[in-house]
Amino acid sequence: MTQPRQNLAGMGILFVLIGVFCISINDLLIKQLSGGYPLHQIVFARSGLGILVSLVIVQFEGGWGILRTRHPWLHMTRGLLIVVANMTFFLALAVLPLADATALFFAAPLFITLLSIPILGERVGPLRLTAVAVGFAGVVIMQRPWADSSALDVNRLVLLLPVLSALTYALNQLMTRKLGVESKASAMAVYIQATFIVVSLAFYVVAGDGRFAEGTTNGSVIFLLRAWVWPDDADMWVFLGLGLNSAVIGYCLSQAYRLADAATIAPFEYIGLPLAVIWGFVVFGDLPVVEVWIGITLILGAGLFVFLREQQKARDMHRRPIRGRNG
C-alpha cells in the first residue's frame with residue numbers, strides 16, 4: 001500500500017467517524033419527533049434544508065458543473081436505496097429502543113464486507129468471513145427467534161425492518177464506491193437529498209391528510225401515515241438541526257466511501273453502537289436486554305477482528321520487498 005493510498009484511507013476513516021456520530025444525533029432527534037409528526041414530513045423538512053447546505057458545498061467543490069453525470073439512473077437507484085434504508089430504519093425506531101434498532105441495523109457493515117466481494121471485486125479472506133458469520137450470529141440472537149411473539153413487545157416484522165435497512169444501506173454504500181470515481185461527494189449528497197424530497201412529497205400527495213392511519217394501532221404504520229401538522233416553535237429548532245445534520249451525513253459518508261476500500265471503512269461504523277446505547281439511556285432511560293447485549297458484543301468483536309485483519313494485511317503489503325520478474 002502506497003503512502004498516498006494510506007492517507008486516503010485515513011481521511012476516509014475520519015469522514016466515516018464524523019458521519020456516524022451525526023447519524024446517532026439524527027436518530028435521537030427523529031425518535032423524539034416520531035410521536036407527533038409523520039415520517040415523510042420529517043424527511044421532507046430534513047432534506048429540504050439538507051439540500052440547501054449541500055448545494056453550498058457544491059460551490060466549494062467545483063460549482064454547478066459537478067452535478068452533471070453520465071449515470072443519472074445509477075444515482076437515482078442509489079438515492080432510492082438510501083431512502084428505503086432510512087425509512088425502514090426510522091419506522092422501526094418509532095417503536096423499538098434506540099440501542100435495539102441500531103444494533104440490528106449494524107448488520108450493514110457485515111453486508112458491506114460480504115457484498116464487496118462480488119460487486120467491487122475486493123478480496124476477503126476466510127478469517128474475516130468467519131468473523132462476519134459471528135457478527136450475523138449476533139444479529140440472529142437479537143432477533144430472538146426462540147421467543148414467543150407475545151414476549152417481544154413488538155411485531156416480529158418490526159425486528160426485520162432494521163435488517164432490511166442494513167441490506168439496502170450496504171448496497172447504497174457499495175454503489176457510492178463505484179460512482180465516487182467520477183462524482184464529487186457533495187454532488188452525490190445533492191442527488192440523495194433530492195430523492196428524499198421527491199419521495200416524501202409523493203407520500204404527502206397520497207397520504208398527507210392522515211386518512212390511511214385511521215383505525216390502526218401499529219406504531220410504525222401511524223408514524224409513516226399520520227397527517228402533516230405545523231411544527232411547534234420548540235420543534236422548529238429540532239427540524240433545523242435535522243436538516244443541517246443531514247447535509248453533513250450525506251457529505252461525510254459519500255466522501256468516506258469514495259476515498260477508501262469498503263472493507264476498510266465498514267468496521268468504523270460500529271462506533272454507532274455504543275453511541276446508541278448512551279443516547280438511549282441518557283435521553284429515554286432505555287437499556288438493552290441481555291440478548292441485545294450479547295448481539296452487540298458479537299458484532300463489535302467481529303468488526304474489531306475484521307478491522308485488525310485489514311490493518312495487518314496493509315502492513316504486510318507495505319513491508320513486502322519489491323521483487324523482479326524472476327523473484
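**Note on the predicted model**

1. Arginine 144 counts as buried, at 12% relative accessibility. Its place is the loop that joins helix 6 (126–143) to helix 7 (156–179). The phi of arginine 144 is near 50°, a positive value in a residue other than glycine. Most residues other than glycine have a negative phi. A reader inspecting the backbone may wish to look at arginine 144, given its positive phi.

2. On confidence: this is a predicted model, with an average pLDDT of 84 over the protein. A score of at least 70 is reached by 89% of the residues. Residues 322–327 have a pLDDT below 50, and this stretch makes zero contacts in the model beyond near neighbours in sequence. Where pLDDT is low, the predicted coordinates should not be read in detail.

3. On the overall fold: the secondary structure comes to 13 helices and zero strands. The order of elements from the N terminus is therefore α throughout, as in α-α-α-α-α-α-α-α-α-α-α-α-α. Of the 327 residues, 51% count as buried. Among contacts with a separation of 6 or more, 86% are between residues 24 or more positions apart.

4. One example of such pairing in space involves helix 1 (3–33), where alanine 9 lies. Alanine 9 and tyrosine 257 are separated by 248 residues in sequence, yet their C-alpha atoms are 9.4 Å apart. Leaving aside residues up to four places away in sequence, alanine 9 touches Leu259 and Ala260. Alanine 9 counts as buried because its relative accessibility is 14%, under the 20% limit.

5. On cysteines: which cysteine sulfur is closest to that of cysteine 22? The sulfur of cysteine 252 is, at 6.1 Å, which is too far for a bond. Seen from cysteine 252, the closest cysteine sulfur is in turn that of cysteine 22. A disulfide needs the two sulfur atoms within 2.5 Å, so the 6.1 Å between cysteine 22 and cysteine 252 rules this pair out. Both residues are buried, cysteine 22 with a relative accessible area of 11% and cysteine 252 with 5%. Over the whole structure, the search finds zero disulfides.

6. On internal space: the count is one cavity of 30 Å³ or more. The largest cavity has a volume of about 480 Å³. It is lined by 33 residues, and the closest to its centre are Ile23, Asn86, Tyr169, Ile249 and Leu253. By class, the lining has 17 nonpolar, twelve polar and four charged residues.

7. Which helix gives the most to the lining of the largest cavity? Helix 3 does, with six residues. The helices that each supply at least two lining residues are helix 1 (3–33), helix 3 (72–93), helix 4 (98–105), helix 7, helix 8 (185–207), helix 10 (233–259) and helix 12 (272–284).

8. Serine 165 belongs to helix 7. Is serine 165 buried or exposed? Serine 165 is buried, because its relative accessible area is 1%, under the 20% limit. Not counting residues up to four places away in sequence, serine 165 touches Ala85, Asn86, Thr88, Phe89 and Phe105. One of these, Asn86, is also listed among the residues closest to the centre of the largest cavity.

Methods
Residues numbered from 1 in each chain as written. Predicted model: local features only at pLDDT ≥ 70, side-chain atom pairs only at ≥ 80, totals over all residues. Heavy atoms only, no water. Helix = DSSP H or I, 4+ residues; strand = E, 2+ residues; numbered from the N terminus. Buried < 20%, exposed > 50% of the residue type's maximum accessible area, 1.4 Å probe, protein only. pLDDT = per-residue confidence, 0-100. Contact = heavy atoms within 4.5 Å. 1 Å grid on protein atoms, 1.4 Å probe; cavity = no way out; pocket = protein on both sides within 12 Å on 5 of 7 lines; lining within 4 Å. Points joined across faces, edges and corners; volume = space filled by probe spheres on them. Nonpolar A, V, L, I, M, F, W, Y, C, P; charged D, E, K, R; others polar.
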